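Here is a short tour for a computational chemist who likes to keep the coordinates open while reading. Please load the model and follow along.

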Amino acid sequence: MPRAVHLLALGIFAMVTSEFVVAGLMPQMAEGLGASIPEIGYLITAFALAMAFGGPVLTVAVMRLRPKTALLVLFAVFLAGNVLAATATTYGAMLAARIVTGVASQAFFGVALSLCAQLTRPELRGRAAAVALNGLMLGTLLGLPLSTLVGEHFGWRAAFWAISALAALAALCTAAGIPAVERSAEGGGLREELAVFKRRRLWLTLSTSTFVIGATFAAFSYLNPVLTGLTGFSTGAVPLLLIAYGAATVAGNWVVGRLADRHAVPVLLCGLALNALFLAGFALTAHLPVPAVAFTVGMGLVGVTMNPAMVTRVQRAGNARPLVNTIHSSCITLGIVIGSSAGGLAVDASGLRAPLWLGAALAVVGLLTLVPDLTRARRAPESAAASPERLSDAPGPIAASSRP
């Protein structure tokens with residue numbers, strides 16, 4: 001795997017750590033900015049909405065640049081936003097900082113994943129995406145607890161300064177270690193970039209990703225109160241359980257990355273089915289510590305770890321250019337917003353088991369979005385058998401992967 005792909009993981013790690021930092025420092029930030037806890041919570045929502053809707057706009061703005069240049073521009077925008085956050089003295093300034101960093105983060109994801117595809121052979125794109133997305137998994141496993149630790153000991157501003165230093169380091173590594181390749185030949189101008197979104201199969205593929213992540217975050221967003229309020233764990237035990245969850249995401253991401261290139265749809269089928277079973281089982285046994293721990297780890301193995309398979313499937317339904325990857329990331333972010341907000345409504349209406357049942361239901365809906373691909377895959381061998389004389393003209397797996 002090219003060294004540049006690992007360097008992209010470092011940049012993604014910095015972006016994801018910035019995304020999560022507010023969740024770990026809500027009380028300190030509320031006191032420092034003279035805001036309420038719910039108002040600090042809105043900063044998380046603002047970041048997500050900025051990613052979902054602002055990221056594609058910034059991607060369009062930089063897509064004519066060489067990938068390396070685009071990444072460095074996005075690092076500069078991200079650093080400006082993060083420094084603004086570290087120096088913010090009012091809630092309004094912090095809100096603006098979170099919007100800027102959210103937009104830059106989403107665009108960075110799109111450009112980075114596109115560059116991964118450009119730096120590797122087509123049959124290794126899923127594995128390359130998994131390596132780059134280790135930054136996402138490690139952001140969950142290490143970024144959140146480390147930034148929280150820094151914030152608790154040195155103040156919440158220090159956490160933002162530490163993330164700024166990490167992003168600056170990642171930018172320097174990008175400048176030194178990523179080759180100055182030309183823009184990908186796939187796609188073209190803005191009109192050609194937008195034309196791919198006329199494909200119904202692409203939108204169906206994007207919807208699968210939304211439901212995969214929505215199912216996971218409907219439950220994960222309320223994991224802390226579920227484990228303390230229903231299972232009976234102490235608040236001190238929850239960080240250890242979250243570390244176990246994060247370790248499971250790293251392991252699952254590695255496995256999915258190895259399978260995504262050849263078996264993207266079967267991997268998603270198994271992942272969604274298992275997640276539905278784990279979430280339903282969790283809902284039924286949330287009052288029992290051992291099953292609760294097992295199902296929490298299971299969620300880690302088959303939830304966000306589907307990302308490499310999702311990326312591979314979307315690139316095959318559309319293309320591997322930055323705009324498609326950024327829109328895909330926006331759909332993933334939309335899944336987070338839908339899952340967490342709907343989960344909150346479910347808690348208010350039916351209690352702490354409700355988001356687990358909601359997550360299971362969203363996973364089942366995600367399974368339904370795979371039906372057309374499964375039907376198409378079943379018909380393909382029948383068509384080949386019916387027309388053996390055309391086999392010599394049929395594209396191989398790699399050539400076919402770029403077709404709608």
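The notes below go through helix packing, nonpolar cores, cysteines and a few single residues.

## Helix 2 against helix 3

Keep in mind throughout that this is a predicted model. A good place to begin is the pair formed by helix 2, residues 26–33, and helix 3, residues 37–62. Their axes approach to within 9 Å and cross at roughly 110°. Angles from 65 to 115 degrees count as roughly perpendicular, and helix 2 and helix 3 are therefore roughly perpendicular to each other.

Which residues make this contact? On the helix 2 side they are M26, P27, M29, A30 and L33, and they meet I37, I40, G41, L43 and I44 of helix 3. Sorted by class, the contact comprises 9 nonpolar residues and 1 polar residue, with no charged residues.

## Two nonpolar cores

The largest nonpolar core has 79 residues. Within this core, the residues that touch the most other members are I12, M29, I40, L71, M94, F108 and F160. Two of these names, M29 and I40, also appear in the contact between helix 2 and helix 3.

L71 is a handy residue to select in your viewer. Setting aside residues up to four places away in sequence, L71 touches L8, F108, V111, A112, L115, T174 and I178. There is also a second, separate core of 15 residues, with A219, Y245, A283 and A292 among them.

## Cysteines without partners

How many disulfides does a search of the whole structure find? The count is 0. For C116, the nearest cysteine sulfur belongs to C173 and is 15 Å away. A disulfide needs the two sulfur atoms within 2.5 Å, and C116 is in no disulfide. C116 is buried, with a relative accessible area of 1%.

C331 tells a similar story. Its sulfur lies 19 Å from the closest cysteine sulfur, that of C116, which is too far for a bond. C331 is also buried, at a relative accessible area of 11%.

## Buried residues in helices 1, 11 and 14

F13 sits in helix 1, residues 3–24, and is buried at 17% relative accessible area. Beyond residues up to four places away in sequence, F13 touches G135, L138, G139, L142, G143 and L166. T231 is 218 residues from F13 along the chain, and the C-alpha atoms of the two are separated by 31 Å.

N253 belongs to helix 11, residues 238–285. Is N253 buried or exposed? N253 is buried, with a relative accessible area of 1%. Its contacts, not counting residues up to four places away in sequence, are A130, L133, N134, M137, T305 and P308. G303 is 50 residues from N253 in sequence, yet their C-alpha atoms are 9.5 Å apart in space. In helix 14, residues 322–350, you will find S329, which is buried at 7% relative accessible area. Apart from neighbours within four places in sequence, S329 is in contact with Q106 and F109.

## A loop position

The last stop is G351, in the loop between helix 14 and helix 15, the latter spanning 354–369. G351 has a relative accessible area of 25% and is partly exposed. From G351 to L72 the separation is 279 residues in sequence and 46 Å in space, C-alpha to C-alpha.

Technical notes
Residues are numbered from 1 along each chain as its sequence is written. This is a predicted model: local features need pLDDT of at least 70, side-chain atom pairs count only at pLDDT 80 or more; totals for chains, interfaces and linings use all residues. Side-chain values use heavy atoms; hydrogens and water are left out. Axes are lines fitted to C-alpha atoms, for helices over the stretch in contact, and angles run from 0 to 180 degrees between N-to-C directions. Helices (H or I, at least four residues) and strands (E, at least two) are DSSP runs, numbered from the N terminus. Angles under 35 degrees count as roughly parallel, over 145 as roughly antiparallel, 65 to 115 as roughly perpendicular and the rest as oblique. Contact means heavy atoms within 4.5 Å. Ala, Val, Leu, Ile, Met, Phe, Trp, Tyr, Cys and Pro count as nonpolar, Asp, Glu, Lys and Arg as charged, and the others, Gly among them, as polar. A nonpolar core is a set of buried Ala, Val, Leu, Ile, Met, Phe, Trp, Tyr and Cys residues joined through side-chain atoms within 4.5 Å. Buried means under 20% relative accessible area, exposed over 50%, partly exposed in between (1.4 Å probe, protein chains only).
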